[in-house]
Structure formats: C-alpha cells, structure tokens
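Colleague: Got a minute to go over the pockets in this one? Could you put the sequence and structure up?

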Amino acid sequence: MATVHLHNDAGYAQRIRARTHQLQADEPSDNGGGDTGPAPYELLLSALAACTSLTLRMYADRKGWELGSIHIDARFSRDDCGLENIERTITFGNALTPEQLHRLAEICEKTPVTKTLLEGTPIRTAFV
C-alpha cells in the first residue's frame, strides 16, 4: 500500500524517496543535526495531519459540504512518566453546523493514519 526508500551516507540528514517524490529528514541543530528537513516525529505528525485533511475533504465532498480551508495543528508530547500524546486541532474556513462538526469528529477517528497509530501496528525488521 505504501513504500518509501531511505538513503543516508553519513550524519543525520536522511534522503527519502516516496514514489517519485523526494523528501529530506534531519534532526534540529540543537539535537546535533543540520536542520535540513523535518525531524521524524514532525514527519509522523505531517502524515497524520495530511491524512486527516484528505479524508475530511473527501467525506465533505461526497456530502456536498463546503468546508472552506482546512487548517490542522498537530503536536506530539511526552510527559515525565514517558506517556506519549498527540493533540490534533482542526479549523475550517467555513462555518459548519454542530451536527456537521460532530460527524467530522467521528470521521477523524476513522482516518487510516489515525487508526494505524491508535491500533499500534507491528513492525518487522530484516537486515540483508
């Protein structure tokens, strides 16, 4: 369903290819990187935000709802006990009814990336 290829010669900067698209990841300078791209958790939050926006737009289009612009802020945090949390805040450019917002909130919990994160997907690693 999805595949990426990563190459790293040295240092923390990572070159990533997803289909025909080139991405870069790196650590911020205060973490020893060159800050040449988003950090891994920023990429994870980007995937969540993009999937959320795409799914909401598709759903609204099918319903004939005019959402206007979609703005999503996503934040990853870890408390003193190591408990991790993601907060997602969504703003629409157009005014929506409470019923529409309620339904869109339900849809948010069903987006593919949301479900993957909530369910915890097994990861198998192989060295070749």
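Colleague: Which element gives the largest share of the lining of the largest pocket?
Modeller: That's α1, with six residues. Keep in mind that this is a predicted model.

Colleague: OK, and how much space lies in that largest pocket?
Modeller: About 1,400 Å³. There are 29 lining residues, and A2, V4, L43, L44 and A47 are the closest to the centre of the largest pocket.

Colleague: Which elements give two or more residues to its lining?
Modeller: β2 (14-18), β3 (21-25), α1 (40-63) and α3 (112-119).

Colleague: How do the residues of that lining divide into nonpolar, polar and charged?
Modeller: For the largest pocket you get 20 nonpolar residues, six polar ones and three charged ones.

Colleague: Switching topic: what volume does the second largest pocket have?
Modeller: About 300 Å³.

Colleague: And which element gives the most to the lining there?
Modeller: β5 does, with four residues. Besides β5 (84-92), both α1 and α3 supply at least two residues each to the lining of the second largest pocket.

Colleague: Which residues line the second largest pocket?
Modeller: Going along the chain, they are Y41, L44, L48, F76, E84, N85, I86, R88, E109, T114, L117 and L118.

Colleague: How many of those are nonpolar, polar and charged?
Modeller: Seven are nonpolar, two are polar and three are charged in the lining of the second largest pocket.

Colleague: Where does L44 come in, then?
Modeller: L44 is among the residues closest to the centre of the largest pocket, and L44 also lines the second largest pocket.

Key: Residues numbered from 1 in each chain as written. Predicted model: local features only at pLDDT ≥ 70, side-chain atom pairs only at ≥ 80, totals over all residues. Heavy atoms only, no water. 1 Å grid on protein atoms, 1.4 Å probe; cavity = no way out; pocket = protein on both sides within 12 Å on 5 of 7 lines; lining within 4 Å. Points joined across faces, edges and corners; volume = space filled by probe spheres on them. Nonpolar A, V, L, I, M, F, W, Y, C, P; charged D, E, K, R; others polar.
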